[in-house]
Number of protein chains: 2
Amino acid sequence: MKDLLRPDLTFRLTGRLWVESEQDRFMGIGRLELLRHIQQHGSISKAAQAMDMSYKRAWDLVSSLNAQSASPLVLTQTGGKRGGGTVVTPEGEELIAEFEALQARFQAFLAAEAARVL
Amino acid sequence: MKDLLRPDLTFRLTGRLWVESEQDRFMGIGRLELLRHIQQHGSISKAAQAMDMSYKRAWDLVSSLNAQSASPLVLTQTGGKRGGGTVVTPEGEELIAEFEALQARFQAFLAAEAARVL
DNA sequence: ATTCGTTATATTTTCATGAATATAACGACA
DNA sequence: TGTCGTTATATTCATGAAAATATAACGAAT
C-alpha cells in the first residue's frame, strides 16, 4: 500500500474492538477506562469528572455492564458517610485484566500489520 | 471472560480498522465497499444507490481517497455519451486487494481471539 | 440547439448520541 | 433532625455527521 500513499502525508493503521451482545455493547476501550477510573476514585461521579464525562453517561455505562454480566462488576452504595460510592468487584477486576490483555494483543497486531502494509 | 458473561445472552467480539492521515481517514471497510461497487457499476451515482448511500457522501469519499493517494485511485469523467462515469484505476485495484487481504487477516485475528476469550 | 445521465458543489434538514440540567432518594453522622 | 456527597433517574439541549434537496457544469449524441 505504501507506494499508493501520498509521500508528504503520514499515515497510521488504527482500529477498535469491542464485545457486544445482541442488543447492547458490553465491553470496549471506553468502558475499560471508566472501570479503571472507578477503581482509582471509588466513585462513579469522581471517575466521570476525571474523564470529563457526564455522570449520567458513566452511570449508564456501569448499568449496562452490570446488566450483562453474570455477577456484578461494580457495586454501588447510596447514602452513607461520604454519600455513597462504587467499588469494582473481583469479577470487574478480572474483566479489566482480560480486556487489557486483549487490547494489548490487538495493538501488537496493529503494529505488525502497519509494519507490513504501510 | 466467559465466566463473567450472562449465560442467557450471546456475545461476539467485533472490531474495525482503518488507515488515516493526520487530517482525514484514508481507507476503511466502508470505502472498500464503495470502491468495489464503483468497479461493478462504473459510476459513483450507481454505486451509491446500490449501497443505499447518498451520492454526495459517495462523491466526498472518492474525493478524499484521491486527495490522499500518490496517483488517482478512481478516474471520473463528466458529460459525454452516458453522462460520464467513474473507473477504478490499477492503483485503486491494488488498494482494494491489499485492504481486502488486511481485512481478512483482521477477521482471522478476531476469530482466534473470540475463541480464546469468549 | 436540445436532451440526457452523470459529475461537482452548496445549502438545508434530520437524526442520533451525548451533554446539561434538574430533582429525588439514600443513609451515616454531627 | 438537618447536612452532605453520592447514586438514581428523567427531561431538555447541543452538536456533529449523514441525508436530503437543489443547482450548475459537462459533453457526446441526436
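A polar contact is a pair of N or O atoms within 3.5 Å; within protein, one atom must be able to donate a hydrogen and the other to accept it, and residues adjacent in sequence count only if both atoms are side-chain atoms. The exercises below use a predicted model, in which local features need pLDDT of at least 70, side-chain atom pairs count only at pLDDT 80 or more, and totals for chains, interfaces and linings use all residues. Residues are numbered from 1 along each chain as its sequence is written, chains are lettered from A and ligands numbered from 1 in the order in which they are written, and side-chain values use heavy atoms, with hydrogens and water left out.

**Exercise 1. The protein around DNA strand D**

Task: State which residues come closest to DNA strand D, which elements supply the surface near that strand, and which atoms of Ile44(A), Lys46(A) and Trp59(A) approach a phosphate oxygen.

Solution.

Step 1. A residue is near a strand if one of its heavy atoms lies within 4 Å of it. By this rule 21 residues surround DNA strand D, and the closest are Ile44(A), Lys46(A), Trp59(A), Thr76(A) and Gly79(B).

Step 2. Helices (H or I, at least four residues) and strands (E, at least two) are DSSP runs, numbered from the N terminus. At least two residues each come from H2 (44-51), H3 (55-68), S3 (74-78) and S4 (84-88) of chain A, and from H3 of chain B.

Step 3. Take the phosphate oxygens of DNA strand D. Trp59(A) places a polar side-chain atom 2.5 Å from one, and Lys46(A) places a polar side-chain atom 2.8 Å from one. For Ile44(A) the atom is a backbone N or O, at 2.7 Å.

Step 4. Of the strand D atoms within 4 Å of the protein, sugar or phosphate accounts for 68% and bases for the rest. To sort the residues, count Ala, Val, Leu, Ile, Met, Phe, Trp, Tyr, Cys and Pro as nonpolar, Asp, Glu, Lys and Arg as charged, and the others, Gly among them, as polar. The surface near DNA strand D then has 3 nonpolar, 12 polar and 6 charged residues.

**Exercise 2. The protein around DNA strand C**

Task: Repeat the analysis for DNA strand C and name the groups that Lys81(A), Ser45(B) and Gly83(B) approach.

Solution.

Step 1. There are 21 residues around DNA strand C, of which Gly79(A), Ile44(B), Lys46(B), Trp59(B) and Thr76(B) come nearest.

Step 2. A backbone N or O atom of Ser45(B) is 3.1 Å from a phosphate oxygen. A backbone N or O atom of Gly83(B) is 3.0 Å from a base nitrogen. For Lys81(A), a polar backbone atom is 3.4 Å from a sugar or linking oxygen.

Step 3. H3 of chain A, with H2 (44-51), H3, S3 (74-78) and S4 (84-88) of chain B, are the elements that give two or more residues to this surface. Its residues divide into 3 nonpolar, 12 polar and 6 charged.

**Exercise 3. The hairpins**

Task: Describe how S3(A) pairs with S4(A) and how S3(B) pairs with S4(B).

Solution.

Step 1. Two strands pair if DSSP finds at least two bridges between them. S3(A) and S4(A) are antiparallel over 5 bridges, with Gln77(A) opposite Gly85(A).

Step 2. The hairpin of S3(A) and S4(A) has 5 residues between the strands, and Gly79(A) in the turn has a positive phi of about 70°.

Step 3. In chain B, S3(B) and S4(B) are antiparallel over 5 bridges, and Val74(B) has Val88(B) as bridge partner. Their hairpin also has 5 residues between the strands, with Gly79(B) at a positive phi of about 70°.

**Exercise 4. The contact of chains A and B**

Task: Give the extent of the contact between chain B and chain A, and locate the salt bridge of Glu20(B).

Solution.

Step 1. With contact meaning heavy atoms within 4.5 Å, chain B and chain A each give 40 residues.

Step 2. Buried area is the accessible area (1.4 Å probe) that two parts lose on being put together, summed over both. Here it is about 3,800 Å², with 62% from carbon and sulfur atoms. Met1(B), Leu4(B) and Glu20(B) supply 17% of the area that chain B buries against chain A, more than any other three residues.

Step 3. A salt bridge is a side-chain nitrogen of Lys or Arg within 4 Å of a carboxyl oxygen of Asp or Glu. The count between the two chains is 4. Glu20(B) forms one with Arg12(A), at 2.6 Å between the closest N and O atoms, and this pair links S1 of chain B to S1 of chain A.

Step 4. S1(A) and S1(B) pair in the antiparallel sense over 11 bridges; Phe11(A) has Ser21(B) as bridge partner.
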